[in-house]
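Student: I have a model open and want to learn how to read its sheet and its helix packing. Can you take me through it?

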Amino acid sequence: MADVAKLANVSKSTVSQYLNKRYEYMSEETRKRIAQAIEELGYQPNVIARSLKQKTTATIGVIVFNMLHMLTTQVLHAIEEECQKRGFQVIVCNSGDDPEKEKTYVDMLLAKQVDGLIVFPTGKNEDVYHHLVAERFPLVFVDRMVPGVEADGVLLDNLSAAEIAVDYLASHGYDRIAIVTPPLVPYNVPRMERFEGFRIAMEKRGWRIDDMNVIAVESAALPGELQKRFAAPERPNALFAINDLTLMGILRFVKETGIRVPDELGLINIDDVPFADIYTPTLTTIAQPTFAMGKKAAERVFEQIDRERASKPRMFRFPPALMERTSIRRESN
């Protein structure tokens, strides 16, 4: 820094202000001289030394449970954009929905002294997050919560999304509607909420909930389970997939069996996949406002970093949006 200051004919403090983007106390000419000196000398700031002095690393850690989900990639994009506006870097880790990997990544990110964490949690590791909350460490959960941990949360209104799906199918003449989901486990908040929304909407119509219209299996077992359900006399005439990965399994099954959509089978899912409007038929989906959710998650973690938050942790529920296309027939009840 002393070499840069000497070459630019300014003080070291002026160079420091330039590096920290505090330009209000220097002329445009001074900025140009410093920039030219940095380029000529190939100067790189010592990030570690700066972080020790400023007590910030200008980094946010993000832990996701599955990089393959559209929700994850779109929310991440919004988080990264919001962090970039603040001059923050993002470190992304993929837990693979494994609580042990999740804990390892939390420990690693804390060791790297990140300024805050945004986590798509597995739903476990309660002790880890209780400790962070007790220490008032900036923490925001996305898509899921950890039972018993009072932290900011950014989630879809899952109950509403599932009810919209059932109502829309019913209004278009489908009366044997089945939900398709990975196994129902109590720690997976969106999964349980979407099933509850499905149950409420079905029961409002006096329709039963039983083994024939609840398909809750791992992705590897889904083809066989669908084959069994569609061999039954009262097979489903509509499927509601709770997320994009489940939808992919259904689309493979439909392609292999030659089932005609929407004439023989109506399809609707949560998550507006990028190929929804070019698939044949185009896919009716329930979209999550992913960019708004990512922006809110980043804003909340920065509010905690800035210590602006005086209230208790808050839950932010975002409304779903129905995207009407042609995987559901047009006739109405």
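Tutor: We start with the sheet and then turn to the helices. Keep in mind that this is a predicted model.

Student: What is the strand order in the open sheet of 6 strands?

Tutor: Read across the sheet, not along the chain. The order is β7-β6-β8-β9-β10-β12, and the pairing is mixed.

Student: Which strands stand at the edges?

Tutor: β7 (214-216) and β12 (321-323). Each has a single partner strand, so one side of each lacks a neighbour in the sheet. From one strand to the next, the twist averages 20°.

Student: In which sense do β6 and β8 pair, parallel or antiparallel?

Tutor: Parallel. Strand β6 covers residues 177-181, strand β8 covers residues 238-241, and 4 bridges link them. For a landmark, find isoleucine 179: phenylalanine 240 in β8 stands opposite.

Student: Which strands does helix α8 lie across?

Tutor: Helix α8 (residues 158-171) lies across β6, β8, β9 (266-270), β10 (284-287) and β12. Its angle to β9 is about 165°. Now look at helix α10 (residues 222-230). Helix α10 lies across β6, β7 and β8, at about 160° to β7.

Student: How do I describe two packed helices?

Tutor: Give the angle between their axes and the distance between the axes. Take α8 and helix α9 (residues 189-204). Their axes come within 7 Å and cross at roughly 40°. That makes α8 oblique to α9. The crossing is right-handed.

Student: Which residues of α8 meet α9?

Tutor: Asn158, Leu159, Ala162, Glu163, Val166 and Asp167. Their partners in α9 include Pro190, Arg194, Phe198, Ile200 and Met202. By class, the α8 contact with α9 has 8 nonpolar, 2 polar and 6 charged residues.

Student: At what angle do α5 and α12 pack?

Tutor: About 45°, with the axes 7 Å apart. Helix α5 spans residues 70-85 and helix α12 spans residues 290-305. The two are therefore oblique to each other. α5 passes α12 in a right-handed crossing.

Student: Which residues of α5 meet α12?

Tutor: Leu71, Gln74, Val75, His77, Ala78, Ile79, Glu82 and Cys83. On the α12 side, look for Phe291, Met293, Ala298 and Phe302, among others. This contact has 9 nonpolar, 4 polar and 3 charged residues.

How values were computed:
Residues are numbered from 1 along each chain as its sequence is written. This is a predicted model: local features need pLDDT of at least 70, side-chain atom pairs count only at pLDDT 80 or more; totals for chains, interfaces and linings use all residues. Side-chain values use heavy atoms; hydrogens and water are left out. Two strands pair if DSSP finds at least two bridges between them. Helices (H or I, at least four residues) and strands (E, at least two) are DSSP runs, numbered from the N terminus. Axes are lines fitted to C-alpha atoms, for helices over the stretch in contact, and angles run from 0 to 180 degrees between N-to-C directions. Contact means heavy atoms within 4.5 Å. Angles under 35 degrees count as roughly parallel, over 145 as roughly antiparallel, 65 to 115 as roughly perpendicular and the rest as oblique. A crossing is left-handed if the near helix is turned anticlockwise from the far one by less than a right angle, and right-handed if clockwise. Ala, Val, Leu, Ile, Met, Phe, Trp, Tyr, Cys and Pro count as nonpolar, Asp, Glu, Lys and Arg as charged, and the others, Gly among them, as polar.
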